[in-house]
Amino acid sequence: MFKISEFSKLSQVPAKTLRFYDQLELLKPAYTDQQSGYRYYTSEQLLHLHRILAFKDLGFTLEQIKQLLKDNVSIAEIRGMLRLKQAEMHSMIQSETERLRRIEFRLEQIERQSDGLSRYEVVVKKVEPLMVATLKATTSRASIPGLFEEIDEYLTWNGISLPVTHMVMWHGCPECESSIDVEIACPIPRKLQDTARFQTKLLPEMTVASVTHMSRPDADTPVSIDLGAWIEENGYRISPEMPSREVYISPQESNKLRYVTESQMPILGAGFMQ
């Protein structure tokens, strides 16, 4: 048997950690001298320790690892715990990816403000009434491409030819991480049968300030900052009655996740006060 200092060198695990594992009853020494209190380990316990370290590397807590290593835990239970950990990691990666995009968005915004420049040309125009199929969801911005695919399947099932233009109407805050109220819409030539998930509606006419740019539907875009500043500087007001829209016109050839996009902000002002 090995003293705890020897076992520590052999396993590359600090003695302090081994004592802590003993306290948790996660890895008990093979023998403890009752007079000196010295702990002794066997070479066979290296396998048990390596299993602990492997589960720890996968992100499990020590209490979870203790549960996993119990003799009565079945393979099905271990598989279930691993799948839960997998889902947890996917969710964390998505959350951190969205956070990274927001950081990049803010950095780009700061750079533009320090230059005193706007990269976008704003156009005021009237948008005609439009019949669309819609899908509402409260979700994260990263989920929008998946909603595009879902509404495409519904249109195909109803005999509508693809590709179609996708539109996102923002009923809530676009920066609200996983709780954004959005409505996906696609223009259609005729009314379709409504379902619990999809509806046909007629979007009303409105006057908008719009800009055309390149963007991804699953990532924030700094264009709204320029658009809001332009509206304020030119004496218009954002209409409180209508949601803003992003119309994804066509994907970029070299990157199908980037679209030629028209951002439309409904406005009120001289000439169209209602």
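## Starting from V168

Let's begin with a single residue and look at its neighbours. Leaving aside residues up to four places away in sequence, V168 touches I144, F148, V182, E183, I184, S244, R245, E246 and Y248. Keep in mind as you explore that this is a predicted model.

Several of these names come back when we look at the nonpolar cores. The largest nonpolar core has 22 residues, and V168 is among those with the most contacts inside it, together with F148, L155, V182, I184 and L192. Two or more residues of this core come from each of β5 (130-139), α6 (144-157), β6 (166-170) and β7 (180-187). Helix α6 gives the most, with six residues. Apart from this core lies another one of 19 residues, including L18, L26, Y41 and I78.

## The chain as a whole

Now let's step back. The protein chain has seven helices and twelve strands. Of its 274 residues, 38% are buried. The chain exposes about 16400 Å², and carbon and sulfur atoms supply 53% of that area.

How do contacts link parts of the sequence? Take the contacts between residues at least 6 apart in sequence: 69% of them join residues at least 24 apart. V168 offers an example you can find for yourself, with Y248 on its list of contacts.

## A sheet of three strands

Close to the start of the numbering you can look for β1 (2-3) and β2 (31-32). Along with β3, they form an open sheet in the order β1-β3-β2, with antiparallel pairing. Which strands stand at the edges of this sheet? They are β1 and β2: each has a single partner strand, so one side of each is left without a neighbour in the sheet.

Strand β3 covers residues 39-41, and two bridges join it to β2 in the antiparallel sense. To see this pairing in the structure, find Y31, whose bridge partner in β3 is Y40.

In the loop between β3 and α3 (45-57) you will find S43. This residue counts as partly exposed because its relative accessibility is 40%. S43 and F2 are 41 residues apart along the chain, yet their C-alpha atoms are separated by 7.8 Å.

## Strands β9 and β5 and their partners

Strand β9 (residues 206-215) is mostly covered, with eight of its ten residues buried. It pairs with β4 (residues 123-127) in the antiparallel sense over five bridges, and V124 stands opposite A209 in β9. Strand β12 (residues 259-268) is also antiparallel to β9, and eight bridges join the two. Here T212 has E262 in β12 as its bridge partner.

Strand β5 also has antiparallel pairings to trace. Six bridges join it to β8 (residues 198-203), while its pairing with β7 runs over eight bridges. V132 is a handy residue to follow: it stands opposite K201 in β8 and opposite P187 in β7. Both β5 and β7 are also among the elements that give two or more residues to the core of 22 residues.

## A nonpolar patch on the surface

Nonpolar residues can be found on the outside too. M89, M92 and I93 make a nonpolar surface patch of about 260 Å². M92 sits in helix α5 (residues 75-115). Is M92 buried, partly exposed or exposed? With 44% relative accessibility, M92 counts as partly exposed.

## Backbone details to look for

Most residues other than glycine have a negative phi, and most peptide bonds are trans. With that in mind, a few places in this model deserve a look. Q12 is not a glycine, but has a positive phi of about 65°. You can find Q12 in the loop between α1 (4-11) and α2 (15-23), and it counts as exposed because its relative accessibility is 68%.

E25 also has a positive phi, near 60°, and is a residue other than glycine. E25 lies in the loop between α2 and β2, where it counts as exposed at 54% relative accessibility.

What kind of peptide bond joins L162 and P163? That bond is cis, with an omega of about 5°. P163 belongs to the loop between α6 and β6.

Terms used: Residues numbered from 1 in each chain as written. Predicted model: local features only at pLDDT ≥ 70, side-chain atom pairs only at ≥ 80, totals over all residues. Heavy atoms only, no water. Patch = residues over 30% accessible without salt bridge, like charges linked within 9 Å, V, L, I, M, F, W, Y side chains within 5 Å. Areas by Shrake-Rupley, 256 points an atom, 1.4 Å probe, with all protein chains shown as cover. Salt bridge = Lys/Arg side-chain N within 4 Å of Asp/Glu carboxyl O. Helix = DSSP H or I, 4+ residues; strand = E, 2+ residues; numbered from the N terminus. Buried < 20%, exposed > 50% of the residue type's maximum accessible area, 1.4 Å probe, protein only. Core = buried A, V, L, I, M, F, W, Y, C linked by side-chain atoms within 4.5 Å. Contact = heavy atoms within 4.5 Å. Pairing = 2+ DSSP bridges.
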